[in-house]
Amino acid sequence: MNGQTDKQSHEIYLKHRREMSINGVKDVDSFDEGMTVLQTLDGELTVEGEGLKIGTLDTDRGVVTVSGKINAIYYSNGDGGEKRGLVSRLFK
């Protein structure tokens, strides 16, 4: 492949809430031990958890792996719409 993300698909593989592999990633917006925000082919993806670590980061191939305790995964289309997740439910 020549690194074109528009020909890839977006998929998430989650194993025991501890290991996650994500395909179709265009960019990493932010990352820390509690939250990772990724731009994917299907919109903005937020992963919340504890002790999160990025193992693989290859945006040319569109692949990111995350390990740690994964508590929540949610999408936003990036159109200003409401995010659906723990934070938005707490502040309703």
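Select residues 11-15 and 19-23 to start. These are strands β1 and β2 of this predicted model. They run antiparallel, and five bridges join them.

Now pick out two facing pairs. Y13 stands opposite S21 in β2. K15 stands opposite E19, also in β2.

Next, go to the turn. How many residues lie between the strands of this hairpin? There are three. Click H16, which takes a positive phi near 55° in the hairpin of β1 and β2.

Zoom out to the whole sheet. Six strands form an open sheet with antiparallel pairing. Trace the order on screen: β1-β2-β6-β5-β4-β3. Then colour β1 and β3, residues 25-31. Why is one side of each left without a neighbour in the sheet? Both strands stand at the edges and have a single partner strand each, so one side stays unpaired within the sheet. Look along the strands as well: neighbours in this sheet are turned by 35° against each other on average, direction ignored.

Now show side chains. Select M20, I22, V25, L38, L45, V47, L52, V64, V66 and I70. Together these 10 residues make up the largest nonpolar core. Colour the core by strand: β2, β5 (43-58) and β6 (63-76) each supply at least two of its residues. In soluble globular proteins, nonpolar side chains tend to be buried together.

Finish on one core member, L52. Which residues does L52 contact, leaving aside its neighbours within four places in sequence? One group is F31, D32, E33, G34, M35 and T36. V47 is another contact of L52. Then come V66, S67, G68, K69 and I70.

How values were computed. Residues numbered from 1 in each chain as written. Predicted model: local features only at pLDDT ≥ 70, side-chain atom pairs only at ≥ 80, totals over all residues. Heavy atoms only, no water. Pairing = 2+ DSSP bridges. Helix = DSSP H or I, 4+ residues; strand = E, 2+ residues; numbered from the N terminus. Axes fitted to C-alpha atoms, helices over the stretch in contact; angles between N-to-C directions. Core = buried A, V, L, I, M, F, W, Y, C linked by side-chain atoms within 4.5 Å. Buried < 20%, exposed > 50% of the residue type's maximum accessible area, 1.4 Å probe, protein only. Contact = heavy atoms within 4.5 Å.
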